[in-house]
Amino acid sequence: MGNEERAPQSGPQEELAARLRLLQELSGLGVRALARETGLSSSSLSRYLGGQTVPPWPAVIALCRLVKRDPRPLRPLWERTSNPLPAPPKSSRVVPPVPRNDLPRDAADFTGREAELAAVLATVETHGAVSVDGMAGVGKTCLAVHAAHRLADSYPDGRLYVDLHGFTDGRPPLDPDSALRMLLGALGVPSERVPQEGVEQLAACWRSELARRKVVVVLDNAADAEQVRPLLPGAGPSVALITSRNRLLGLDEVPPVSLDVLGPEESAELLARASGDPGGPDGRLGREPESAAEVLRLCGRLPLALRLAAARLRHRPGWTVGILVERMTQGGAAFDAEFGAALAMSVRQLNRAQARLFRMLGLLPGASFDEYVVAALADVPLHTAQEMLEDLLDAHLVQQPTPDRYRLHDLVHQHARRAAAEQDSAAERERALVRVLDYYVHAASAADAAMPFVSPGRAASAGPVPAALPRFADKNAALSWFVAEYGNLIAAFETAAAVGADAHVCELPRFLRAYFARRCGTTHLNFLFERSLAAAERLGDPLQLAEAHSDLGFARYNAGRTEEAAALYEAAGVGVSEAGDRQAEAELALRRGYLSWDTGHVDEPLALFRRAGELYGEAGSPTGAAYAAAAEAWALLQLGQREEAARLAREVLAVPHADPAWPPRLTARITLGVAVADEEPEEAAEHLRQALELSRDDGHLHNQAWGLNCQGVALRRMGRYEEALASHREAFALLDELFEEHWKIRFLNGYGETCRLAGLPEEALRLHRQALELAPGLGYRYEEALAHEGIATVLDATDPATAAEHREAGRAARRELVGAGR
C-alpha cells in the first residue's frame, strides 16, 4: 500500500495536478527544495506536479502541511483520480474482487523463535490482537510477517500490511487518519461510505468493515499506543499483529510478546542460512569454528546484525570467516552504519534527559548495573533514575535480566558510547565517570561496614558521598551486593587505574577485603593491593601510604609470603607512628601478632595482641579490642595454657554484638571447643558445632575449614577417632576447593597426630612429611618443628635411627625460634 500508481491522463488527474502546483506556488520553493522539505524524491514530485503520476495520499498530506493547508478537501478529488471508473463489463457475470494481500514476503531464512511464534499465534486466537515488542534489529517485523503468513489461509478476506513509520528516519509517524483511510481503501470500501473527517468516525467505519470479514492486519513499526488504538479490530473474526520498539503499555486489551536476542544455537543457524553456507565441516563456517563463534559474539546474537554479517559472506565468496571478523573488529563502516541508523531512530523518540542518560550508560564500566549507580552517573535523584530506566526499558534500549539489575546489549552499549563521544563534551563525560567511581568506592565502603573484616576502619574519602547509596540491613545483604557487583567493582578499579584516579585506586581494595576472605582467595587481592600501594605513593598522604603498606602486607601474609609481609609491616609502622592514628596502629599491631606467631615467635605475638587491645581501647573501639583478645586466647591455647585461653575466650563471648558469626566470637567458640575438650566434652562439642554452623551460614570457607580441623582435634582428645578423621578430611576437601595449598600448613600436623592415634601410621607419616615440605618456604618454623617431632613419633617403633634424626632436627628448629621456645 502507498506505492505510486500509474494512471491515464484524465480530467480529475489534471485538476489534482493543478491543485498541487498551486500548493507549490504558495510554498515559494523550487521542485528540489520542495522535495527536500516534504521528504519526497524530486523526480516523483515532478511527475505529480506534471500530472503524469497520481501521488500517494501521504504525499498530498505532506505538501498541504508544508503550506499549512487542510488536505481533506482534496480527498474526493484524489480518490476519483486514484480510482477511475472502470470500463463497462463485457458480460453481465459478476467477478468477485480478489482479496487484497499486502503482506511482505516471508523470510526464507526465518530461524528459531518457536516459543515466541507459538505465543503470538495463541494470543491472536484468544484476544484477536498481539503486540510484538523488542529492541531495534531483534526481528519483530520478521516474526509478525511470518505469523501472518501462517494465519493467511484462515483469513481469506484480506491480508493487510501497513508501515506506521514510528521509527523511520526522515519522516514522521503515520497519523491514524491517514492509516485508516489507507486500510479502508485496501479493503475496497467505496469513498462515499468513508467518513470525510474525524478519526473516531473513521475508526468506527474500519471496525464495522472488519466485523463482517476475516482479515489479518499487520501494523508494523508503531510509535506508541495512541497511534495504534484507532486501528485495532473490534468485535468480529479479524485479527491484528502489531510491532513496536516500545512496550505499548496503554493497550491493556492487547497482550505483549517481547523478543530478546536469539539463543546460541539459533544464532549459529541463522548466520549459516542467511550467508548461504551449506553447514557442516565443508562450509566456510564449519572450517573456521573459532572465527564463526567470534562473529556470533560480535553480533551479540541480534538478528539484524547477524543478517548484515551474513550478507557480507554471501556476496563475497572469496572471503574467509576470519576476514569477516577482521573487518567487523576494525569497525566495518557498512555494518556499523546500518545498525546505528536503526538504533538511532529509537533514541530520537526519547526526550532530552532520557537521551542523555542513554548516552551516559555507555560510559559504565561493568556489564550490568542498578538504579543507584545510574543515579550517580546522571547526577539525578534515585526516583528520577528509576523512572528514566523504566522509560528506556519500555523503549527496549535497556534490558532487565533480573528485577533489580539492568544491562545494555553489547551493540547498544557500543552505540551509546559512540553517541556520548560525539554529543557530550570530554569534561562532561569525565565528570560522569568520576561520579560512578565515587559511587562504587562509597557503596563498597558501606557494604564492607556491614561485614567487618577486623574492625570498623576509616570511611571512604575518595570523592563526595553520593546522594543515593544502597542500605545493607546485615552482612548477608552486603555479601549479596558484593556478589552482584563484583565484576563492576573490578571494572571500576581498572577504569580508575586507566584514567589516573589514584584516590579511588588506593581506597577501593580496602573495602573488598571481607568479601575476598569469603569468596575470592588471596591471589587477586594481592594484585589489587600492589596497585593500591603504587597509587598511595603517588598521592603522598602518609596515613594512606602506611595503610596501603599494611594492607598489602596482610595480603602477602594470607598468601603465605611471610618475609614480604614482614617488610611491608615494617614500612607501615613508620608511617602509622608518624600519623598518630590509634586505629591504624592497633590494626597493624594485630596483624604483626598473627605474622609473628606463625613464624615461630611466642612472647612477641602475645605482647602485640595485648598492645593491639590497648590501642583499640584508646581509639574507642571495643570491637577491635575483642578481636585482639580473641587472637590472644587462641595463641594461649596453642601454648598449652588452656585455662587462661578458656577464660579469655569466655570474656570475648560476653562482649555484646548483633552478629552471632562475628569473627572474635567465632574465634572464641573454636578456642573454647578445643580448650575444654578433655574436661567438658559436651560443652566443647556444642561450641564447635555452633562455630561451624555460623561459618557455613556466613559463607566463609576458610573459617569452615579451620572449624572442621579444630573439631577434629577436639574429637581426638575425646577419643572419638573416626569422627575426628571425618572432620579433618572435610576440612581438607574445603581447602582443595579454595586452591590455596599454603593454608594446609596450619592443619597438617594436627591431622597427622589424629591419624597416628587412630592407627593409621602411614597416613600420619605422609601428612607430617607434607608439612615438612611446606613449612620452610612459608616461614612457619614452629610447624616445621612439629612436623619433625611427628615423624619421629611415628618412626620410633619401626626406624629408631631415622626417628632420632627427626627428633633432633625438631629440637634444633625450636632452638632457632626467636623468643622463648614453644
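R193 is partly exposed, at a relative accessible area of 42%. That residue opens these exercises, which use a predicted model.

**Exercise 1. Find the acidic partner of R193, place both residues, and classify E209 as buried or exposed.**

Step 1. Pair the side chains. R193 and E209 meet in a salt bridge, at 2.3 Å from N to O.

Step 2. Place them. R193 sits in the loop between α8 (176-186) and α9 (199-211), and E209 lies in helix α9. They are 16 residues apart, so the pair links distant parts of the chain.

Step 3. Apply the burial cut-off. Buried means under 20% relative accessible area. E209 has 4%, so E209 is buried. R193, at 42%, is partly exposed.

**Exercise 2. Work out how R591 and E587 are related within their helix, and whether each is buried or exposed.**

Step 1. Locate the residues. Both lie in helix α28 (residues 582-598). Four residues separate R591 from E587, about one turn of the helix.

Step 2. Check the contact. The closest N and O atoms of R591 and E587 are 3.9 Å apart. The limit for a salt bridge is within 4 Å, so the contact qualifies under this rule.

Step 3. Classify each end. R591 has 1% relative accessibility and counts as buried. E587 has 9% and also counts as buried.

**Exercise 3. Analyse the salt bridge between E784 and R781, then state which residues are joined into one network by shared partners.**

Step 1. Take the distance. The closest N and O atoms of E784 and R781 are 2.8 Å apart, in a salt bridge.

Step 2. Explain the spacing. The two residues are three apart in helix α38 (residues 781-795), so about one helical turn separates them.

Step 3. Compare exposure. E784 is buried at 13% relative accessible area, whereas R781 is partly exposed at 24%.

Step 4. Turn to the network. R510, R513, D551, E587 and R591 are joined into one network by salt bridges that share partners.

Step 5. Add the total. The count for the structure comes to 48 salt bridges.

**Exercise 4. Determine how many disulfides the structure has, and test C142 and C710 individually.**

Step 1. Search the whole structure. Zero disulfides are found.

Step 2. Test C142. Its nearest cysteine sulfur belongs to C299 and is 16 Å away. A disulfide needs sulfur atoms within 2.5 Å. C142 is in no disulfide.

Step 3. Test C710. The nearest cysteine sulfur is that of C755, 16 Å away, and C710 is in no disulfide.

Step 4. Classify C710. Its relative accessible area is 5%, so C710 is buried.

Methods:
Residues numbered from 1 in each chain as written. Predicted model: local features only at pLDDT ≥ 70, side-chain atom pairs only at ≥ 80, totals over all residues. Heavy atoms only, no water. Salt bridge = Lys/Arg side-chain N within 4 Å of Asp/Glu carboxyl O. Buried < 20%, exposed > 50% of the residue type's maximum accessible area, 1.4 Å probe, protein only.
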